[in-house]
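Before us is a model to be read feature by feature, in the form of a conversation between a learner and a teacher. How should one go about it?

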Amino acid sequence: GGRQKKVSLWQKVGGVFGASGVGMSAYGSHGNIDESYQKAFASANQMHIFHSIVLLTLPSGKKPALTGALFTTGTVLFSGSIYASAVTENREHFNRFAPAGGILLIAGWLSFLL
């Protein structure tokens, strides 16, 4: 057999994030989210899955550790806080973390310029 390429940490994180993103999509699609939270939940899910895919590509980037850390933390804070807000129907407690997550996601994209 041929030599197998080692899977990077960020590919593993991307795989876990991708699987959890699909799970959250299924959860949100089956009527578990109040109508007033559905748009925010869908946006969080879109960002979750999109950044999961980007994490899979990071071994080819110049600064994979920096970009991976920014995308991972940003996704957890952004999508995670919106998911928690939608599931608990409590915007006040959880939504305060979403802006920080969004800033980290933007910083992750800008880290490709380094």
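**Reading the helices and the surface**

A: Let us begin at a turn in the chain of this predicted model: helix 1 is followed by Gly31, whose phi is positive, near 75 degrees.

Q: Which residue other than glycine has a positive phi?

A: The general idea is that most residues other than glycine have a negative phi. In this structure Glu89 has a phi near 55 degrees, a positive value in a residue other than glycine. Glu89 sits in the loop between helix 3 and helix 4, and because its relative accessibility is 47%, Glu89 counts as partly exposed.

Q: How many helices and how many strands are there in the chain?

A: One counts the elements and then reads their order. The chain has five helices and zero strands, so that, read from the N terminus on, its elements run α-α-α-α-α. Its C-alpha atoms fill a box of roughly 50 × 35 × 15 Å, taken along the principal axes. Among contacts between residues at least 6 apart in sequence, 74% join residues at least 24 apart.

Q: What span should helix 1 have, and how far apart are its end C-alpha atoms?

A: One compares an expected length with the distance between the ends. Helix 1 covers residues 9-29, and because its 21 residues at 1.5 Å a residue should span 30 Å, the 30 Å between its end C-alpha atoms agrees with the expectation.

Q: Which residues of helix 1 are buried, and which are exposed on the face turned away from them?

A: Here one takes buried to mean under 20% relative accessible area, and exposed to mean over 50%. The buried residues of helix 1 are Trp10, Val13, Gly14, Phe17, Gly21 and Gly28. They cover an arc of only 95 degrees around the axis, and therefore lie on the same side of helix 1. These buried residues pack against helix 2 and helix 3, whereas the face turned away from the buried side carries the exposed residues Lys12, Val16, Ala19 and Val22.

Q: Where do the buried residues of helix 5 pack?

A: The reading follows the steps used for helix 1, beginning with the length. Helix 5 takes in residues 98-110, and because its 13 residues should span 18 Å at 1.5 Å a residue, the 18 Å between its end C-alpha atoms agrees. Ala98, Gly101, Gly102, Leu105 and Gly108 are buried in helix 5. They cover an arc of only 115 degrees around the axis, which puts them on the same side of helix 5. The buried residues of helix 5 pack against helix 2, helix 3 (64-88) and helix 4 (91-94), while Pro99, Ile103 and Ile106 are exposed on the other side.

Q: Which residues form a nonpolar patch on the surface?

A: One looks for nonpolar side chains that come together where they are accessible. Phe50, Trp109 and Phe112 form such a patch on the surface, with about 300 Å² of accessible area together. Phe50 lies in helix 2 (residues 38-57), and because its relative accessible area is 44%, Phe50 is partly exposed. For the chain as a whole, the accessible surface comes to about 7000 Å², of which 64% belongs to carbon and sulfur atoms, and buried residues make up 33% of the 114 residues.

Q: What separates the C-alpha atoms of Thr57 and Trp10?

A: One sets the distance in space beside the separation along the chain. Thr57, found in helix 2, is 47 residues from Trp10 along the chain, and their C-alpha atoms are separated by 8.3 Å. Thr57 counts as partly exposed because its relative accessibility is 41%, whereas Trp10 is one of the buried residues of helix 1.

Notes:
Residues numbered from 1 in each chain as written. Predicted model: local features only at pLDDT ≥ 70, side-chain atom pairs only at ≥ 80, totals over all residues. Heavy atoms only, no water. Patch = residues over 30% accessible without salt bridge, like charges linked within 9 Å, V, L, I, M, F, W, Y side chains within 5 Å. Areas by Shrake-Rupley, 256 points an atom, 1.4 Å probe, with all protein chains shown as cover. Salt bridge = Lys/Arg side-chain N within 4 Å of Asp/Glu carboxyl O. Helix = DSSP H or I, 4+ residues; strand = E, 2+ residues; numbered from the N terminus. Buried < 20%, exposed > 50% of the residue type's maximum accessible area, 1.4 Å probe, protein only. Expected span 1.5 Å × (residues − 1). Arc of directions from axis to C-beta. Contact = heavy atoms within 4.5 Å.
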